[in-house]
Each structure stands twice: as C-alpha cells, then as structure tokens.
Amino acid sequence: MDTSQIAADFDRHRALPEVSVEEYVRRRSVELGEWVMARERVYLDKCFWIALRDVRLMRTDDPSSKVLLQGLVRAVQEGRRICPISDALFLELLKQTDLHTRAATAELIDELSCGVTLIPHPTRIATEIAHFLYANTGHSVYALETLVWSKLANVLGVHHPMAKAFPAEDQVLIQKAFFDHMWRFSLAEMMQVIDERKIPDCWYPALADRLNQGKAAHADEITNFAQVYRDEVYGILDVAAPIALDVLGKMASDQGRYPAAPTQDERATAIREILGILRAAIEKPHVKHALRSLHLDACLHAALRWNKTQKFDANDLYDFQHAVAALGYCDFFLTDGPMHTLLTQKHLAFRHESLCRVGSSIEEAAVWLQ
C-alpha cells in the first residue's frame, strides 16, 4: 500500500468538497471510457486466457499461441489495443482451484487489460436503459460507450465504505479516497486477499434447470425464430420496465418535481404502461442498438431455445454473458468453437448485427490481429 499516494488523494479531495462521490465516480468513469474507446478492444473468453497463460508459464510450445500472445502484448504496450474482462470472466477465474495458475492468469489479465473491465452485466443493462431515456427526453448525455467501463476492483460493482462515526463531509472524503485506492488495485492483488470461504455458490446450475423446464414445456409452441426472439425479448423487458420507472422517477426529482410515492397498484399500472412502450420500441433498430445488452441476451437465449435438441447448462450462461459483453462493446471476440458457430448462424447473425469480429481459432486470431 502506497501511503503517500493515499495521503495525496485525501489532500486533493479535501480541496474539492463540493464534488459529490457520485459525480467523482462519474468523472473518473467517463475519463476511463474515453481512454478505452481510443483503442481496439479484444475480448478473450476463458479458453483463450488459459491458452495464453500456458504460453506465459511455458506449459505449451504452440507457435500460434506464442504469436498471438506476443502480438497482443506488443499492441497493448503501443497503446493500440486492450483486452478488457467482464464480471463473467472474473467469476470463472474464481472457479480455478489451482492457486498458482489462477494467480498467473490474473497477472496476465492485469497486463493485457490495463486494469479495465466492463461494469457488471445488470449494471450495464440499467445504464443502457437510463441512457436511452435521458437521450430521448432532451438531456445532454455522454456517449453510452464511455459509461460502461471501470477498473478491475469494481468488476462486481462500485462499493463505498460507510463510516457513520465520522461527520458527513469526512465520510464523503473517505469514500472518494477509497475509490481512488481501489481504482489502482490489481486483479493479482485481489486474488491474494479474497477469502475463499465467502465466495457465494453459483446459482447458474439451478437457473439452467429452470430454463430447460420452461423450454420443454413450451417446445410445441415454437414455429419460427422471430417468434422465439420476441418471446425472449418481451420476457427480458419485464425486468427492464421497473428499472425504467425508477429512472423516470429520478429524472423527475432532478427537475425539482417530487410526486408522492405511488401506491403498489399505481406502480404496477405504471410498469405495465412502460412495458408496452418498451415492447413497441424494441422493434426499431436504433432501440435495439441502444438497449444492446437486452437485445443480445434475447438473441442468444432464443438461439438456444430454437435448437430443440440442445439443453441449457451453467457454462452456456457464462458464455452468453461473454458474448453480450463482446458483441456490445468490443471489436474482436475470441471464443470457443460452439459459440462461434452459434453466433455466425445466419438467422442469429442477421439479428444481432454486431460489428464485432468473432473468431475461435488461435491460428486465425494470430493472423488477423497482426
């Protein structure tokens, strides 16, 4: 811990008491987002990180893997590319039980990601909804692509210490300085301090079982892919509508309007009205682009439902989140063969319409990333 740097953080924030914690976090995030968007973003899923890590540990002599690693290291050092991660990749990293290889993977991620991660998947969805509503009601907004990046210590979200023993102004000072400290924290350092006993059990296996049950129950109703996509996106918008209502409430309070808190029935009615608006809007291409994580989630779940012989498993849900992150905000996505095949199927490629280039071959990636 660099105590002199922490002391400098406190001095800097003490001189700017008028800047709230929320505003400070936003400024740092936008600054980072602009830096990130000036570089090509290469999203690697778990199998590629493992392959490159094995090169670094000299566990493999595969020439293409060596070329790919050397090319990525050089491009990152030259400021041309970065390899950001996401919450899904972080959770998969925690599943690695060999602490030596896990630490080596974390060190490689620190190097190639430059400490950058996408904000968590649920936060990304909420950010896209808020950005869409603000942008379409006459507000001045930052580019969406600058709002979805953070540093690795915030891979599961930004958290602020609550020190009620201190006066309010000191608590704000502590929170901003703590945010700065965590902003500099590396993934390798995180791996050293994470308490294995406190890592929650993954709920993806149970979710996969529920999805398979629903898929089986409605299999006879499936007639075309467009219908399956519509069912999936409508279901996801059920989750989005309450978020949209909360955003609208914040917009009203920002404008100095403080309507009385709605009753439970009034809130339910408002959510239904917003849901109807979102369902109509999502048919438009620019709305799909604005709400891209919702749209891509629906595309991927629809694709797996459309294949009546394939069942969901927990790994599919990790793979989907990798794909949503990459297709939504990156230029290249290096993934495994099955996901590559899924994403390049004609009916799905037509729907997701991402400009992100997808590859699954280390040999191919080594060539077209040169």
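**Salt bridges, a pocket and two loop residues**

Arg 81 is buried, with a relative accessible area of 6%. In this predicted model, Arg 81 forms a salt bridge with Glu 40. The closest N and O atoms of the pair are 2.8 Å apart. Distant parts of the chain are linked in this way. Arg 81 belongs to strand S2 (residues 81-82), while Glu 40 belongs to strand S1 (residues 40-44). The separation in sequence is 41 residues. Glu 40 is partly exposed, at 32% relative accessibility, whereas Arg 81 is buried.

A network of shared partners comes next. Salt bridges join Asp 9, Arg 12, Arg 28, Glu 31, Asp 180 and Arg 184 into one network. Within this network, Arg 28 pairs with both Glu 31 and Asp 180. The salt bridge between Arg 28 and Glu 31 has its closest N and O atoms 3.6 Å apart. Both residues lie in helix H2. They are 3 residues apart, about one turn of the helix. For the salt bridge between Asp 180 and Arg 28, the corresponding distance is 2.9 Å. Asp 180 lies in helix H8 (residues 168-183) and Arg 28 in helix H2, so this pair ties together parts that are 152 residues apart in sequence. Both partners of this bridge count as buried: Arg 28 has a relative accessibility of 19%, and Asp 180 one of 1%. The cut-off for the buried class is under 20%, so Arg 28, at 19%, falls within it. The count of salt bridges in the model comes to 21.

Helix H2 also contributes to a pocket. The second largest pocket has a volume of about 1,100 Å³. Its lining comprises 29 residues. Closest to the pocket centre are Glu 22, Arg 26, Thr 127, Ala 130 and Leu 147. Two or more lining residues come from each of helix H2 (21-37), helix H7 (121-135), strand S4 (149-151) and helix H11 (225-254). H2 provides the largest share of the lining, 7 residues. By residue class, the lining divides into 15 nonpolar, 10 polar and 4 charged residues.

A buried serine was examined in helix H4. Ser 65 is located in this helix. The relative accessibility of Ser 65 is 4%, and the residue counts as buried. Beyond its neighbours within four places in sequence, Ser 65 is in contact with Leu 52, Val 55 and Ile 362.

Positive phi values were also examined. Met 58 is not a glycine, yet its phi is positive, near 60°. The residue sits in the loop between helix H3 (46-56) and helix H4 (63-77). Met 58 is exposed, with a relative accessible area of 73%. Cys 114, also a residue other than glycine, has a positive phi of about 55°. Its place is in the loop between helix H6 (99-113) and strand S3 (116-118). Cys 114 is partly exposed, at 29% relative accessibility. The exposed class requires a value over 50%, so Met 58, at 73%, belongs to it.

Key: Residues are numbered from 1 along each chain as its sequence is written. This is a predicted model: local features need pLDDT of at least 70, side-chain atom pairs count only at pLDDT 80 or more; totals for chains, interfaces and linings use all residues. Side-chain values use heavy atoms; hydrogens and water are left out. Helices (H or I, at least four residues) and strands (E, at least two) are DSSP runs, numbered from the N terminus. Buried means under 20% relative accessible area, exposed over 50%, partly exposed in between (1.4 Å probe, protein chains only). On a 1 Å grid over the protein atoms alone, a cavity is a set of points where a 1.4 Å probe fits but cannot get out, and a pocket is an open set with protein on both sides within 12 Å along at least five of seven lines; lining residues have an atom within 4 Å of a point. Grid points are joined across faces, edges and corners, and a volume is the space filled by probe spheres set on the points. Ala, Val, Leu, Ile, Met, Phe, Trp, Tyr, Cys and Pro count as nonpolar, Asp, Glu, Lys and Arg as charged, and the others, Gly among them, as polar. Contact means heavy atoms within 4.5 Å. A salt bridge is a side-chain nitrogen of Lys or Arg within 4 Å of a carboxyl oxygen of Asp or Glu.
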